[in-house]
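Open the structure in your viewer and keep the sequence beside it. The stops below say what to select and what is there.

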Amino acid sequence: MTVRVGFAIMFLRRTERKKNGKTHTYWSVVENKRLDGGRVVQRHVLYLGEINSSQAASWRKAIEVFDEDTGRAQTLSLFAEDRCEAVAGDASIIQLRLSQMRLHRPRQWGACWLAGQLWQELQLDQFWAERLPPSRKKTRWDQILQVLATYRLIAPGSEWRLHRQWFGDSAMADLLGADFGLVEEHKLYACHDLLLAHKDALFSHLVGRWRDLFNADFDVLLYDLTSTYFDVNAADLPEDGKRRHGYSRDKRPDCPQVVIALVVTPDGLPLAYEVLPGNTADSRTLRMFLSKIEQQYGKARRVWVMDRGVPTEAVLAEMRGSDPPVQYLVGTPKGRLNRLEKHLVDRPWQDAREGVKVKLLAEDGELYVFAQSHDRVTKERAMRQRQLKWLWKRLRQIAVMELTREELLMKLGAARSHAPAAWRLVDIEVDKQHPRFSFTLNRSKLRRTRRREGRYLLRTNLADNDPAKLWQYYVQLVAVEEAFRNLKGDLAIRPVFHQDEARIEAHIFIAFLAYCMQVTLTRRLHALAPGLTARSVLDKFAAMQMIDVHLPTTDAREIVLTRYTHPEPELQLLIDRLKLSLPPQPPPRIAASAINKTSRRSEDLLS
């Protein structure tokens, strides 16, 4: 048996850049690492920025202090290893110096291992091995993608942070049988360029896995849109790009954005997504997605559940007239409620479920469902009362202030922005000449608002008029909203550091892969206990570390045991409940001792 050769040296790197006619010098601490094949790659350890000559000298001195036994002043050799032969068969008994035992390189193992199990459960290892074969230089693009998706799932951040810090702090190299060459900076970015061509194939693959793993059906599809913005100057962007200004769900209309359309099942299992220009109106997306799903999965009787604002009247008419008809249940703007209110007054209330009552009205080949939720009434009423109370207090404060007319208008505008719903219930008149205003409560608007709190108007072309089922379909929209929350929260789809638009879409693609792993874990946990979340379980598994145990022997060698820590009882219980089996510990290695290697290296330097 031979032991892999590796070494690492650190040094200061200087980079010069010209900006506005002036030369700027930037410094970084860089580490050279030798890979299995003898090739050397560089890892950026620290970015120091623009430092002066004395600071640079002090950094050089600080690096030298790491290991003075090497006898070299310019670069420091760290974690050096030399070749050794395996223990001969006769030397079966080795005496250990336990008092000199050392522990090296603690790194996060548990969450990385769990992510690998999810990756294999979705058969993404097989899927990507077929589509991303190794390059001529033996670059394993499929493993690089697994690292990117795992990083997005566990500790999302920039590719720069993955390269510089996270990979070395994790056990991904141990789990994949790879080394640092897997996360060379240019490889992480180049991997993005290989992904989008396989998007449709991935969607088809996932449908099969959802069916096999969770017996999922696709009779009901939830469709919604969100947006993600970019902290860039819109004037610097290409005119034909997708990053554009539009309606921002993140309350950042000042930033360009892209729109993300997503289709999921009621269980949150994703079927497809699309990245659209940031100025795309919701109502212009549905026809495209209906065609996309039909082309990829064939014609079938499906129920599309959407929020108001997504379909247009023309698209709904096309859905009703198609063969077979495309069924839908969609929220309806409250303006339509004004027209139908007089027809609904005499209709009887029916119980959909506890706390939810509905009225049904058939008209023009559709069924209108007027629903009232007791919980939503209570919540929306409390929100309206809180806003109105704040606004009334604020208007009284502004009324007694000594202000110019311009200052008065600014403060009123700020109050309106803070409490827009309450503002619509108050009549405010500003004097055209003087900094004065009056305000009164519009009681007729307040009565109308109270009547509609917690009430929703839905419309459908479903033949089934069971109110419980119709309501259940609609409330399942929370599944797609939960998917967006996870993409923006746990998986941190933004900030997006890429500038190239194709790589921005690939970044979203990787976040989608991470969401597929997360929702797989969520579905498995849901069967055990609804209170368990994917994030809490990943945090539990992250407590399991991997560490290298070095045991010196009496014959100037040392045994190296790479071991993951034993799970705590509560984590072991969770592992058992998930029907997972921890892998065997890696086999021990034997190598020349660190002291012996250091002395040999010093002799080589002096010779």
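A residue counts as buried under 20% relative accessible area, as exposed over 50%, and as partly exposed in between. The model is predicted.

**Stop 1: an aromatic pair**

Select W392. With a relative accessibility of 25%, W392 is partly exposed, because that value falls between the two cut-offs. Now add F439, which at 18% relative accessibility counts as buried. The rings of W392 and F439 form an edge-to-face aromatic pair, with 4.9 Å from centre to centre and 80° between the planes.

Which elements do the two residues belong to? W392 is in helix α12 (residues 374-399) and F439 is in strand β15 (residues 437-441), so the pair ties together parts that lie 47 residues apart in sequence.

**Stop 2: other rings**

The whole structure holds 17 aromatic pairs. Select W109, W113, F541 and Y564 together: ring pairs link these four into a cluster.

Next, look at rings with a charge above them. Select Y273 and K199; K199 lies over the face of Y273, at 4.8 Å from the ring centre. Then select W349 and K357. The charged end of K357 sits over the W349 ring, 5.2 Å from its centre.

**Stop 3: an open sheet**

Strands of a sheet pair through backbone hydrogen bonds, either parallel or antiparallel. Select β5, β17, β18 and β19, which form an open sheet of four strands in that order, with antiparallel pairing. Which strands stand at the edges? They are β5 (102-108) and β19 (589-592); each has a single partner strand, so one side of each is left without a neighbour in the sheet. On average, neighbouring strands of this sheet are turned by 25° against each other, direction ignored.

Zoom in on β18 (residues 557-564) and β19. These two run antiparallel and are joined by four bridges. To see how they face each other, select E558, which stands opposite A591 in β19.

**Stop 4: a helix**

Select residues 141-154, which make up helix α4. Is this helix mostly covered or mostly open? It is mostly covered: 14 of its 14 residues are buried. From first C-alpha to last, the 14 residues of α4 reach 20 Å, close to the 20 Å expected at 1.5 Å a residue.

**Stop 5: R34**

Finish with R34, found in strand β2 (residues 22-34). R34 has a relative accessible area of 33% and is partly exposed. Add F180 to the selection: the C-alpha atoms of R34 and F180 are separated by 9.1 Å, while the two residues are 146 residues apart along the chain.

Terms used: Residues numbered from 1 in each chain as written. Predicted model: local features only at pLDDT ≥ 70, side-chain atom pairs only at ≥ 80, totals over all residues. Heavy atoms only, no water. Expected span 1.5 Å × (residues − 1). Buried < 20%, exposed > 50% of the residue type's maximum accessible area, 1.4 Å probe, protein only. Phe/Tyr/Trp six-rings, centres within 6.5 Å; stacked < 30°, edge-to-face > 60°. Lys NZ or Arg CZ within 6 Å of the ring centre and 35° of its normal. Pairing = 2+ DSSP bridges. Axes fitted to C-alpha atoms, helices over the stretch in contact; angles between N-to-C directions.
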